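Here is a friendly briefing to read alongside the structure. Keep the viewer open and follow the topics one by one.

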There are 2 protein chains.
Amino acid sequence: MKKAAATRLNILQKAFELVYVKGYQTTSIDEILSTTQVTKGAFYYHFKNKDEMGIAIINELLKPTFEINFLEPLRNLTGDPLVMLYDMMYGILMENEVMTVEHGCPASNFTQEMAPWNVDFTAALNGLSNQWKQAIADAVERGKQNGYVRQDVDGEQVAVFVLSGYWGIRNMGKLVNNESVYVTYLQQFKSYLESLR
Amino acid sequence: MKKAAATRLNILQKAFELVYVKGYQTTSIDEILSTTQVTKGAFYYHFKNKDEMGIAIINELLKPTFEINFLEPLRNLTGDPLVMLYDMMYGILMENEVMTVEHGCPASNFTQEMAPWNVDFTAALNGLSNQWKQAIADAVERGKQNGYVRQDVDGEQVAVFVLSGYWGIRNMGKLVNNESVYVTYLQQFKSYLESLR
DNA sequence: ATAAAAACATACCAATTAGTATGTTTTTGA
DNA sequence: TCAAAAACATACTAATTGGTATGTTTTTAT
């Protein structure tokens, strides 16, 4: 990797970590500089301003890992979508190494914090959200064709419902700061999915 | 009402409106002062600092309306808890006059924004959340005794699942900024509740 | 090798922030 | 009525913020 690209990536990764733990607005540029050992000149060479860096975090860090964890499993799916959905949710909540109960889901955090006053952030995040929604809806519809899912089930409805549950349990996790809520949630999530058969 | 109490309430109400729309950290004290026409001296007479005002918003504004909209309906319940849960969710999402799709749920916003760095806020909000959870769980358990709900359903699981859905759909609403997601959510919420019979 | 461009470094600045110091006015209780 | 306390007003401050101006160093292409 070129050295300049390494600098940029270093900024993005460290900044992401800070923003994930502390929130975007309470993470100052000076703080990013001191943890990256990058100077202000270098920072503003790579990013026009703070918000452009924020968008870059979404597009260059969140988006790719989101693709791998949230979309790929659903797209390559041939078998039972309900089992798949549960396994995916279990993996994301219980086995993901980046996200913690205490700090929730980066995408969700960003949404909550930025939606009221930054259109660009919201648009970028809405893109991710919509992709996930569509992938779930499609998987459910395919499941209907393969006899895994009842015919009167609506894929889009399920997708919105599942997404809501995910955003919500992440939020709740931050509040109670204990993985046990994830377990409770997953139990009922399984029951819910079974009710779609 | 005493004049001093009116000043305090005025600050809290206007500050709440600003915080709800713009977020807590991006709402400056100076901004609160200019919209309330209250001077800094008066503000700091009533509140030790900004965070104490934030806590007061939770305890003196959010909590009471939360009691009325989220708890009372569940506690005074004798009939079908599943119908009640749907009606309550419908009322909160579609008919509440304070909350909008664009700005979501104040309690949820607070949680997301403050959890990473303010213990007091989180504790206060966790109190509200737990009360709601317990009220839902109790209602479901009573519903089991009255034959409205299947015996193998777990009240606490349902409560966590319902709460998650609510937090989540509020978050999603902010993202897409369109009430139609509420409608979609409610449809599936109804199906889910029916599956508990 | 060398000029030009890319990449980075340092010192600064204007604006905003929460909060304080020090007043004045208003209310209250005896 | 009148002193004391409550309630409010004004001017200020120290720290932090995102961002810029102006450099120097490093890389790249010829």
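In this predicted model, the surface near DNA strand D draws at least two residues from each of four helices: α2 (29-36) and α3 of chain A, and α1 (3-22) and α3 of chain B. The largest share comes from α3(B), which supplies 5 residues. Both protein chains therefore take part in the surface near this strand, and the points below go through that strand, its partner, the pairing of the chains and the interior.

**DNA strand D**

- The strand is surrounded by 18 residues, and the closest are A:Ile29, A:Lys40, B:Thr7, B:Tyr45 and B:His46.
- Of the strand D atoms that come within 4 Å of the protein, 65% belong to sugar and phosphate.
- From chain B, an N or O atom in the side chain of B:His46 is 2.6 Å from a phosphate oxygen of DNA strand D.
- Also from chain B, B:Thr39 places a polar side-chain atom 3.0 Å from a phosphate oxygen of the strand.
- Chain A contributes through its backbone too: an N or O atom of the main chain of A:Lys50 lies 3.0 Å from a phosphate oxygen of DNA strand D.
- Sorted by class, this surface holds 5 nonpolar, 7 polar and 6 charged residues.

**DNA strand C**

- Around DNA strand C there are 18 residues, of which A:Thr7, A:Tyr45, A:His46, B:Lys40 and B:Lys50 come nearest.
- Sugar or phosphate accounts for 64% of the strand C atoms within 4 Å of the protein, and bases make up the rest.
- A:His46 has a polar side-chain atom 2.6 Å from a phosphate oxygen of DNA strand C.
- On the chain B side, a polar backbone atom of B:Ile29 is 3.0 Å from a phosphate oxygen of the strand, while B:Tyr44 has a side-chain N or O atom 3.4 Å from a phosphate oxygen.
- The elements giving two or more residues to this surface are α1 (3-22) and α3 (40-46) of chain A, along with α2 (29-36) and α3 (40-46) of chain B.
- The most comes from α3(A), with 5 residues.
- The surface near DNA strand C consists of 5 nonpolar, 7 polar and 6 charged residues.

**A closer look at A:His46**

- Where does A:His46 sit? It is found in helix α3 of chain A.
- Is A:His46 buried or exposed? Its relative accessible area is 16%, so A:His46 counts as buried under the 20% cut-off.
- Leaving out residues up to four places away in sequence, A:His46 touches A:Ala4, A:Thr7, A:Arg8, A:Ile11 and A:Glu52.
- For a sense of scale, A:His46 and A:Tyr148 are 102 residues apart in sequence and 49 Å apart in space, C-alpha to C-alpha.

**How the two chains pair**

- A turn of 180 degrees, with a shift of 0.0 Å along the axis, lays chain B on chain A with an RMSD of 0.0 Å.
- The two copies are thus related as by a two-fold rotation axis.
- Among the residues of chain B, B:Gly168 comes closest to the rotation axis, with its C-alpha at 1.9 Å.
- The copies meet through the same surface, because 100% of the interface residues of chain B are also interface residues in chain A.
- A:Asn171 lies in helix α8 of chain A, and its relative accessibility of 2% makes it buried.
- Apart from neighbours within four places in sequence, A:Asn171 is in contact with B:Ser108, B:Thr111, B:Gln112 and B:Trp167.

**The interior**

- Helix α6 (residues 106-114) of chain A is mostly covered, with 9 of its 9 residues buried; among them are A:Ser108, A:Phe110 and A:Gln112.
- The cover over α6(A) includes α1, α4 (50-75), α7 (119-145) and α8 (155-176) of chain A, and also α6 (106-114) and α8 (155-176) of chain B.
- The largest nonpolar core has 142 residues, and A:Trp132 and B:Trp132 have the most contacts inside it.
- Beyond its neighbours within four places in sequence, A:Trp132 is in contact with A:Phe66, A:Phe70, A:Leu71, A:Leu74, A:Met88, A:Ile92, A:Leu163 and A:Tyr166.
- In soluble globular proteins, nonpolar side chains tend to be buried together.

Definitions and conventions
Residues numbered from 1 in each chain as written. Chains lettered and ligands numbered in written order. Predicted model: local features only at pLDDT ≥ 70, side-chain atom pairs only at ≥ 80, totals over all residues. Heavy atoms only, no water. Core = buried A, V, L, I, M, F, W, Y, C linked by side-chain atoms within 4.5 Å. Buried < 20%, exposed > 50% of the residue type's maximum accessible area, 1.4 Å probe, protein only. Contact = heavy atoms within 4.5 Å. Least-squares fit on C-alpha atoms with pLDDT ≥ 70 in both. Near = heavy atom within 4 Å. Polar contact = N/O pair within 3.5 Å; in protein donor to acceptor, adjacent residues only side chain to side chain. Nonpolar A, V, L, I, M, F, W, Y, C, P; charged D, E, K, R; others polar.
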